[in-house]
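These are my notebook entries on what I looked up in one structure. I went through surface features, charged pairs and a pocket in turn.

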Amino acid sequence: MDIDIKQASRALASARNTQIKTVFEAADSGTAGSDWGAATTIGQSDNDPAVNISTAIDTIEGNNFAPDTVAMDTSVWQEYVSNTFTKELRYQSAQKPQDPNAISIPGFPDLNAIVDTSMTATIAVVCEKAGWGLLGEGPTEIARYRNEAAGYEAFIIRDWLEVLKIDGNAIYKLTAVRA
């Protein structure tokens, strides 16, 4: 039974994550980045990801927000940390003491990385976590029922969450950061 409960909680988290990811990827502020994994010379990356991220930071700060998060797919993260411009910096990043689950981005100690396989594998989103939007959270209902004829008990979970407001000034989408 515990396995089913764990699966249900993962499914709820995944559903919420999907809603937030959809908003992130629909953001209309931003620009095309450069392919962080491109290397025409063996052992030397062509593009420095810091240039793209710095542009996003400058834009968000210019809108009076303080960017603190970069969300990206696992493959984009791999290209970031293996890029020759950032490779040496990765040894300088560490877990932040105030949040043991947050990893700072090499080269940007004030930015947290959210690495999520549900993100599109060609974009990175820089944002102020508290400023990009407002989530409306409704009730969570759990109902238990039993089917005697079939011989099982089951639960239904209903959870309401809606993105109510999006502030495009606090979010910046970098596209084409991976080919």
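**Entry 1: a nonpolar patch.** I began with I157, which I located in strand 8, the run of residues 152-166. I then asked whether I157 is buried or exposed. I157 falls between the two and counts as partly exposed, because its relative accessibility is 33% and the partly exposed class lies between 20% and 50%. I noted that the model is a predicted one, and that this value, like the others here, is computed from it. I next looked for the partners of I157 on the surface: together with I142 and F155 it forms a nonpolar patch. The accessible area of these three residues together is about 280 Å².

**Entry 2: a salt bridge between strands.** I turned to the charged pairs and found six salt bridges in the structure. One of them joins R158 to E141, with 3.9 Å between the closest N and O atoms. R158 belongs to strand 8 and E141 to strand 7, so this pair ties together parts 17 residues apart in sequence. I checked the exposure of both partners. R158 is partly exposed, at 38% relative accessibility, and E141 is likewise partly exposed, at 36%.

**Entry 3: a network.** Which residues are linked in a network of salt bridges? I recorded R144, R146, E148 and E153. Within this group, R144 pairs with E153, and their closest N and O atoms are 2.3 Å apart. R146 pairs with E148, where the corresponding distance is 2.2 Å. As to exposure, R144 has a relative accessible area of 58% and is therefore exposed, while E153 is partly exposed at 40%. R146 and E148 are both exposed.

**Entry 4: the second largest pocket.** I last examined the second largest pocket, which holds about 220 Å³ of space. Its lining comprises 15 residues, and those closest to the centre are I20, F24, I114, K129 and W132. I asked which element gives the most to this lining. Helix 1 does, with four residues. I found that helix 1 (2-26), strand 2 (69-72) and strand 7 (133-147) each supply at least two lining residues. By character, I counted eight nonpolar, four polar and three charged residues in the lining.

**Entry 5: a cross-reference.** I noted that strand 7 appears in two of my entries: it contains E141, the partner of R158, and it also contributes to the lining of the second largest pocket.

Conventions. Residues numbered from 1 in each chain as written. Predicted model: local features only at pLDDT ≥ 70, side-chain atom pairs only at ≥ 80, totals over all residues. Heavy atoms only, no water. 1 Å grid on protein atoms, 1.4 Å probe; cavity = no way out; pocket = protein on both sides within 12 Å on 5 of 7 lines; lining within 4 Å. Points joined across faces, edges and corners; volume = space filled by probe spheres on them. Nonpolar A, V, L, I, M, F, W, Y, C, P; charged D, E, K, R; others polar. Patch = residues over 30% accessible without salt bridge, like charges linked within 9 Å, V, L, I, M, F, W, Y side chains within 5 Å. Areas by Shrake-Rupley, 256 points an atom, 1.4 Å probe, with all protein chains shown as cover. Salt bridge = Lys/Arg side-chain N within 4 Å of Asp/Glu carboxyl O. Buried < 20%, exposed > 50% of the residue type's maximum accessible area, 1.4 Å probe, protein only.
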